[in-house]
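Open the model in your viewer and keep the selection panel handy. We will take it one stop at a time.

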Amino acid sequence: MCGELRASDAGKKAILMGWVNRRRDLGSIIFIHLRDRTGITQIVFNREVNPEMHAKAETLRNEYVIAAIGRVKLRDADTVNPSIPTGEVELVVDELRILNESKLPPFLPSDTALTNEETRLKYRYIDLRRDAMQFNIETRHKVAKAIRDYLSAQGFFEIETPFMTRSTPEGARDYLVPSRVQPGAFYALPQSPQMFKQILMISGFDKYFQIVRCFRDEDLRADRQPEFTQIDLEMTYPQPESVWEVVEGFLDAAFKAAGYEIQRPFPRMDYDEAIRLYGIDKPDLRLPAFSDVRDCFPAENLQELAINPNLPVIAIRTPKVGELSRKERDDIKPMFHSKGGARVYEDFKRIGNKFPEAAAAIAKKTGAQPDDLIVLVAGSAQAGPQTAMPAHRKVTPAELAIYASAGLLRLALAQKYAERHKLFQRGDFRFLWVTNFPMFEWDESERQWMAAHHPFTSPHEEDMGLLEQGVESVNDPQSTLSAVRALAYDVVLNGTELGSGSIRIHRQDIQSKIFRALGMTEAEAKSRFGFFLEALEYGTPPHGGIALGLDRIVMILAGAESLREVIPFPKTARAVDLMVDAPTPVSETQLRELGIQVKPVKQ
C-alpha cells in the first residue's frame, strides 16, 4: 500500500497502485505522489535510466489510476519529507502501467481549500478520496466494530428487524412505501425498531443489539439526516443503572478505537437540576453552570433594575472573554431570545459601577475571574401575567422561561467566543446522564398531552397515582400528568444528545393508560398498536434499553461540524442526493402498477 513503505524496505522490489495525487516535472526527472487510502509514496521516473517509462510518465495527470513497479530507494538526506510516514524513501520506477485515465475533476482531493458543499456532494466519489473523508469513514468503521465486538462479548445477540413495517407515526413523519401486491396499502420505513426490539424481549432474547438504519421524514439540520444509523439495544430485567453500565462500556471501547480515553462512570443529573443549572436538558459541561444571584441584590436594587424579585436572576459566566467594547456588548442583545418575560442585562460593568456591593457578591458567587464575561438574565418586573400552566413540577413555568432563555444565551455566547478564546479543546469529552424526565408535555396547539420521549416509556412507580388521576382529565393543561416522571434517561456529550432510552412498559394495563393519557381511544390504540398490546398479555418480562446515534458519535470524534462529513452518501438540507439526483419522478407505468396518481401539493 502507498502508506506502508519505510526505510527498512530499501532495496526491495515493490508494486504500488493508486491515484496520481501530484506531479512535478523537472525535465529529466519526474516525481509523482501516488496515493491510496493508506497514504502517499513518491515515485520517480529518470529519463537517463529509463527513457521509455519517463516518456510514459509525461502523459500522467491528476487522478490517473496507475501501477508502478520498481525498487525502493532511500532518499538523500536533504530530500527527506518528514511530513509523511513514507518520507524517507521513494520508488524508482522500472515499469509503469496506466490502468485508467481521468478527466480533470471539478476539484482535487489534494486541494487545501474546500470547494462548496453542493459540488462536493455532487461529486462525492471525488470528495471521499480526500484525506479528511478517508479518516472520517475509517473512524466510523473502527467505532462500529469496537461497539459490535464489545456488545457481542457481553452476551448480546445482533438481530435484524424489518425495514418495511406498518406506519405508526411518532413525532416525525414516516417514509411510506406503496405495496403493488396490496393496492392502496403502504409499508413504512422504521423511525426506530422500538416495538420489534420490545417483542424480542417478549420472545426470550434477553440481550439484543443492532447497528441499524432508521428513517425520518423531517426538516433537516446539521445534526439530522432523513436516513441515519443508530446503535440500538434492549435487555430484560434491568434497572436504569444496568443499561448505563453497558452503554458506558461500549462507548469506552468506541473512543479507545478512535484513540481517546474517557472517564467512567459518567456523572448523573436529574432533569430539573439540569434545567436549573444549565437551562437545557442536554447541558455542555465544558462551560460553567448558571448561578442564581437574586440574593446578591437588595430589594431596592432589583426594583431600580426593573427585575421581578419573585423569579431567578441568572448570571451566565463565560470564561476568558475579556472586556467587551460597546459594540460587542450591543451584539449580545440580538443573540438573546426571550422565552416569555425574560430580559438580558449585558453591561455588567455598568451594574458594577452602580451597585458595587451586588457586583462583588455576584463575582464571588459565580467564581468569576477578572477576564470572565458576566451577563444577567432575569424576569422583567413589567412583564404581564404568565400563561396558566400546572405547577406540579419543581421548576415552575415562569422560572422555566428564565432558565430556558439563559440556557440559549449561554450557548450562543460560548459559540461566539469559542474560537477566539479556545473555550473548547479537542479531546475534552464531558459525558452526562440526564434522568427523571417528565413523562408528558402539553402541546398548546393540539390541546393535548404528548409523550416527552415515546409512549412505551414506563412511569415511575411512585407516580402511578398521578397517572391514574391524570388519565381522567387528559384535555386539561392543569392535569397531574404534568408531574408524572418517566424512567427515561439521555446520554449527553458536550451539549449533544447522543441517545435516549428508558425502562419500558411491560404491562398491558399500564400501556393502555398511557395511550388514553395521549388522547387515544381504545379503538385507535387497537388499530395502531393492537398486535403489541396483545403481545404484552403473554408474559412480558420487565425490559429496557436505549438507542444512540452512531453518526453523532463519529461526528464528535472526527471534530466535524456536520453529520454529512461522516456519512459516506448523505442528503442535503433539502433531503436531496445530489450525486444520484434523488428523489426523482417515476414513470407512469410504475405509478399505474401501484394504483397511484400524483397530484400537486397545495402549499
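Which helices do the buried residues of helix 15 pack against? Select residues 522-535, which make up helix 15, and show the contacts: its buried residues pack against helix 5 (194-202) and helix 14 (508-517). Keep in mind as you look that this is a predicted model.

**Stop 1: helix 15**

Show side chains for Ala525, Phe529, Phe532, Leu533 and Ala535; these residues of helix 15 are buried. Now follow the backbone to Phe529, where a kink of about 90° is centred. The end C-alpha atoms of helix 15 span only 16 Å, while a straight helix of 14 residues would span 20 Å at 1.5 Å a residue.

**Stop 2: strand 16**

Next, select residues 431-435. Is strand 16 enclosed or open? Strand 16 is largely enclosed by the rest of the structure, because 5 of its 5 residues are buried. Turn on the side chains and you will find Phe431, Trp433 and Thr435 pointing one way, with Leu432 and Val434 pointing the other. In a regular strand, side chains alternate between the two faces of the sheet.

Add the partners of strand 16. Strand 11 (residues 268-270) runs parallel to strand 16 and is joined to it by 3 bridges; look for Asp270 opposite Thr435. Strand 19 (residues 488-493) pairs with strand 16 in the antiparallel sense over 5 bridges, and here Val434 stands opposite Asp490.

**Stop 3: the barrel**

Colour strands 1 to 5. These 5 strands close into a barrel in the order 1-2-3-5-4, with mixed pairing. On average, neighbouring strands of this sheet are turned by 55° against each other, direction ignored. For a closer look, select strand 2 (residues 29-36) and strand 3 (residues 39-46), which run antiparallel and are joined by 8 bridges. Ile29 stands opposite Asn46 there.

**Stop 4: salt bridges**

The structure holds 42 salt bridges, so let's visit a few. Start with Glu58 and Arg47, whose side chains meet at 4.0 Å, N to O. Glu58 lies in the loop between helix 1 (51-57) and strand 4 (65-74), and Arg47 in the loop between strand 3 and helix 1. Glu58 is partly exposed at 33% relative accessible area, and Arg47 is partly exposed at 37%.

Then select Asp127 and Arg130, which form a salt bridge of 2.8 Å, N to O. Are these two buried or exposed? Asp127 is buried, at 0%, and Arg130 is buried too, at 9%. Finish by adding Arg120, Arg124 and Glu565, which are linked with Asp127 and Arg130 in a network of salt bridges.

Technical notes: Residues are numbered from 1 along each chain as its sequence is written. This is a predicted model: local features need pLDDT of at least 70, side-chain atom pairs count only at pLDDT 80 or more; totals for chains, interfaces and linings use all residues. Side-chain values use heavy atoms; hydrogens and water are left out. Buried means under 20% relative accessible area, exposed over 50%, partly exposed in between (1.4 Å probe, protein chains only). Helices (H or I, at least four residues) and strands (E, at least two) are DSSP runs, numbered from the N terminus. Two strands pair if DSSP finds at least two bridges between them. Axes are lines fitted to C-alpha atoms, for helices over the stretch in contact, and angles run from 0 to 180 degrees between N-to-C directions. The expected span of a helix is 1.5 Å times one less than its number of residues. The bend at a residue is the angle between axes fitted to the seven residues ending there and the seven starting there. Contact means heavy atoms within 4.5 Å.
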